[in-house]
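This briefing covers the side-chain contacts of one protein chain, grouped by type. The sequence and structure come first, and the notes follow.

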Amino acid sequence: MFSNVRKFVLKSVALSAFLVGVSFAHDGHGAHWGYGEDNGPKNWGKLGFETCQKGKSQSPINIIVKDTKKGKNAISFAYKSDSKDIINNGHSVQVNFDKQGSITFKKTKYNLVQLHFHTPSENQVDGKAYPLEMHLVHASSDNKFVVVAVFFDEGKANPILQEVVNTAPSEVNGTNALKNLNVSALVPKSHAYYTFSGSLTTPPCSEQVQFVVLKNALDASKEQIDALHAILHDNAREPQPLNGRVVESAE
């Protein structure tokens with residue numbers, strides 16, 4: 001019984017850390033992790049995050065389009081411009097929300113908690129990586145999680161993304177106000193997607209996180225991508241083995 005309680009507590013702590021952007025590198029719950037040669041993704045298991053190494057449903061993945069299973073589109077968006085602030089947690093820049101906006105996925109409502117960025121993209125499609133990927137993190141009332149991933153390709157400047165670029169703190173642990181971000185404009189008009197059961201893409205790599213990867217990419221200028229990369233550097237985990245998971249494709 002005590003073992004089960006301990007597992008529940010550890011899982012709750014890990015998922016809570018994920019939602020609020022707490023870094024296990026700085027809070028005493030684990031070894032310092034990052035994206036360098038010694039502390040990068042291939043060594044996260046050796047740093048004490050065993051699920052990163054031993055988990056069988058890890059994210060990100062390389063989506064092979066011909067191997068996906070056709071499904072019915074089951075997502076709708078109801079976002080609000082309720083952003084609060086933007087932080088640099090040492091591993092990404094993250095915009096926090098008041099959880100008024102939401103998605104509905106497969107008849108369950110999930111509130112938008114935060115969004116953050118990876119350069120280059122973590123997920124790939126038929127081996128193609130994008131220069132920038134955004135993760136929109138959502139939680140349901142019973143603590144289940146959906147991450148909506150949006151790719152950005154180099155093209156025209158994105159005026160909403162520019163608000164993020166303008167306010168993103170360059171210093172670690174920096175926080176700036178960011179109010180009324182029109183997050184709806186950071187979602188492609190087409191809601192076609194790939195979806196699969198995955199994990200956090202950062203330590204502790206907790207599983208049972210549903211990923212929804214939108215198929216259509218948005219534009220971002222080279223200057224915008226470079227500005228975010230100057231803060232984030234290369235903060236992308238490499239694609240993980242599928243291990244028999246089914247990737248569903250919906251139009």
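C52 and C205 are both buried. These two cysteines form a disulfide in this predicted model, and the disulfide count comes to one. The structure also holds eight salt bridges and seven aromatic pairs.

**Disulfide**

- The sulfur atoms of C52 and C205 are 2.0 Å apart.
- The torsion about the S-S bond of C52 and C205 is about 90°, so the disulfide is right-handed.
- The disulfide links distant parts of the chain, with C52 in helix 2 (residues 50-54) and C205 in the loop between strand 12 (193-199) and strand 13. The two cysteines are 153 residues apart.

**Salt bridges**

- K84 and D98 form a salt bridge in which the closest N and O atoms are 4.0 Å apart. K84 belongs to strand 4 (residues 83-88), and D98 to the loop between strand 5 (93-97) and strand 6 (102-105), so this salt bridge ties together parts that are 14 residues apart in sequence.
- K84 counts as partly exposed because its relative accessibility is 33%. D98 is also partly exposed, at 40% relative accessibility.
- K144 and D142 meet through their side chains in a salt bridge, with an N to O distance of 4.0 Å. K144 has a relative accessible area of 49% and is therefore partly exposed, since exposed means over 50%. D142 is partly exposed at 46% relative accessibility.
- A further salt bridge joins the side chains of E251 and K215, at 2.4 Å from N to O. E251 lies in the segment after strand 15 (248-250), while K215 is in the loop between strand 13 (207-214) and strand 14 (218-220), so the pair ties together parts that are 36 residues apart in sequence.
- Is each partner of this salt bridge buried or exposed? E251 counts as exposed, at 67% relative accessibility. K215 is buried because its relative accessible area is 18%, and the cut-off for buried is under 20%.

**Charge over a ring**

- K215 has a second contact to note: its charged end sits over the ring of Y194. The distance to the centre of the Y194 ring is 4.8 Å.

**Aromatic pairs**

- A pair of aromatic rings is described by the distance of the centres and the angle of the planes.
- Among the seven aromatic pairs is that of F105 and Y193, whose ring centres are 6.0 Å apart and whose planes are at 65°, so the pair is edge-to-face. F105 is part of strand 6 and Y193 part of strand 12, so the contact ties together parts that are 88 residues apart in sequence.
- F105 counts as buried at 4% relative accessibility. Y193 is buried too, at 0%.
- F196 and F211 have their ring centres 5.5 Å apart and their planes at 10°, so this pair is stacked. With F196 in strand 12 and F211 in strand 13, the pair ties together parts that are 15 residues apart in sequence.
- F196 is buried, with a relative accessible area of 1%. F211 counts as buried at 2% relative accessibility.

**Aromatic cluster**

- Which residues form one aromatic cluster? The members are W33, Y35 and W44.

Terms used
Residues are numbered from 1 along each chain as its sequence is written. This is a predicted model: local features need pLDDT of at least 70, side-chain atom pairs count only at pLDDT 80 or more; totals for chains, interfaces and linings use all residues. Side-chain values use heavy atoms; hydrogens and water are left out. Helices (H or I, at least four residues) and strands (E, at least two) are DSSP runs, numbered from the N terminus. Buried means under 20% relative accessible area, exposed over 50%, partly exposed in between (1.4 Å probe, protein chains only). A disulfide is a pair of cysteine sulfur atoms within 2.5 Å. Rings of Phe, Tyr and Trp (its six-membered ring) pair if their centres lie within 6.5 Å; planes under 30 degrees apart count as stacked, over 60 as edge-to-face and the rest as tilted. A charge sits over a ring if NZ of Lys or CZ of Arg is within 6 Å of the ring centre and within 35 degrees of the ring normal.
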